[in-house]
Amino acid sequence: MDVYSIGQYISYGNSGVCEVVGTREIESAQPGAGMKECYILRPLHDKSCTITTPVDNQKVIMRDLISPEETRQLLADIPEMETLPDQSARQQELSYQKALHSGDCKQWICLVKTLNRRIRSRIANGKKVTATDDRYFKAATEKLTEEFSVVLGIGADEIKEILKDAFTI
């Protein structure tokens, strides 16, 4: 179990990048279990919201952000990364969900690369982009943008341009 410090940025489940703004003890939901140490997190994308989660939470992926070196390496590796396999529409969406909820930047890149290819193909063939493809493309891109922006200390718009350039190779 990782221990996080106040002021540290972490990735927390579907909430994305969050700042650890404090800790506190709360009464456990399990009768007789006593007090539970919890982190108080503030999502980067919504400063008005806070999340209270047990320090030993095993249900939600909570991890350190990747390093600047890992980020640069992932960006450099995009052209060689695999895309997700083509499947039936239902299986495809399950693949998208698994990648998006993995908490893994590499999986998010594979998802964005897959969707970028699918979206370009549909547009080139005169078809509309599906709502599913659009939703997952935006969500995965947002997760990457948020984490890479914090890790590299670069604005979100600049990260989006870097990603855009990397996926058009």
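These are my notebook entries on a predicted model of one protein chain.

**Entry 1: the overall build**

I began with the chain as a whole. I counted five helices and five strands in it. Then I looked up their order: starting at the N terminus, the pattern reads β-β-β-β-β-α-α-α-α-α. For dimensions, I noted that the C-alpha trace spans about 60 × 35 × 30 Å along its principal axes.

How much of the chain is buried? I found that buried residues make up 39% of the 169 residues. I also wrote down the accessible surface, which comes to about 9700 Å², with 51% of that belonging to carbon and sulfur atoms. Last for this entry, I checked the contacts with a separation of 6 or more, and 53% of them are between residues 24 or more positions apart.

**Entry 2: salt bridges**

How many salt bridges does the structure hold? My lookup gave six. I went through three of them by name.

I took Arg 63 and Glu 147 to start with. Their closest N and O atoms are 2.8 Å apart, and the two form a salt bridge. This pair links distant parts of the chain, since Arg 63 sits in strand E5 (residues 62-64) and Glu 147 in helix H4 (residues 131-152), 84 residues apart. Are these two buried or exposed? I have both Arg 63 and Glu 147 down as buried.

Next I turned to Arg 117 and Asp 86. Here the salt bridge has its closest N and O atoms 3.2 Å apart. Arg 117 belongs to helix H3 (residues 105-124), while Asp 86 is in the loop between helix H1 (68-77) and helix H2 (89-100), so this bridge ties together parts 31 residues apart in sequence. I compared their accessibility with the cut-offs. Arg 117 has 35% relative accessibility and therefore counts as partly exposed, because that label covers values between 20% and 50%. Asp 86 comes out as exposed at 60%, because anything over 50% gets that label.

My third pair was Lys 138 and Asp 134. Their side chains meet in a salt bridge, with 3.2 Å from N to O. Both residues lie in helix H4, four residues apart, and I noted that this is about one turn of the helix. At 53% relative accessibility, Lys 138 counts as exposed, whereas Asp 134, at 29%, counts as partly exposed.

**Entry 3: the largest pocket**

I moved on to the largest pocket, which has a volume of about 210 Å³. Which residues lie nearest its centre? I listed Phe 137, Thr 141, Lys 160, Leu 163 and Lys 164, out of 13 residues in the lining. The elements giving two or more residues to this lining are H3, H4 and helix H5 (156-167). Helix H4 gives the most, with five residues. I also sorted the lining by class and got four nonpolar, four polar and five charged residues.

**Entry 4: back to Asp 86**

I wanted to know what surrounds Asp 86 in its loop between H1 and H2. Leaving out neighbours within four places in sequence, I found Asp 86 in contact with Gln 92, Arg 117 and Arg 118. Arg 117 is the salt-bridge partner from my second entry. I also looked up a distance to Thr 114, which is 28 residues away from Asp 86 along the chain: their C-alpha atoms are separated by 9.0 Å.

**Entry 5: Arg 42**

Where is Arg 42? I placed it in strand E3 (residues 35-43). Its relative accessibility is 27%, so I wrote it down as partly exposed. Not counting residues up to four places away in sequence, Arg 42 touches Val 17, Cys 18, Glu 19, Val 21, Lys 47, Cys 49 and Thr 50. I then looked up Ser 149, 107 residues from Arg 42 along the chain, and got 16 Å between the two C-alpha atoms.

**Entry 6: Ile 154**

My last stop was Ile 154, in the loop between H4 and H5. What does Ile 154 touch, beyond residues up to four places away in sequence? I found Ser 149 and Ile 159. I also looked up Ile 26, which is 128 residues from Ile 154 in sequence and 36 Å from it in space, C-alpha to C-alpha.

Conventions:
Residues numbered from 1 in each chain as written. Predicted model: local features only at pLDDT ≥ 70, side-chain atom pairs only at ≥ 80, totals over all residues. Heavy atoms only, no water. Salt bridge = Lys/Arg side-chain N within 4 Å of Asp/Glu carboxyl O. Buried < 20%, exposed > 50% of the residue type's maximum accessible area, 1.4 Å probe, protein only. 1 Å grid on protein atoms, 1.4 Å probe; cavity = no way out; pocket = protein on both sides within 12 Å on 5 of 7 lines; lining within 4 Å. Points joined across faces, edges and corners; volume = space filled by probe spheres on them. Nonpolar A, V, L, I, M, F, W, Y, C, P; charged D, E, K, R; others polar. Contact = heavy atoms within 4.5 Å. Areas by Shrake-Rupley, 256 points an atom, 1.4 Å probe, with all protein chains shown as cover.
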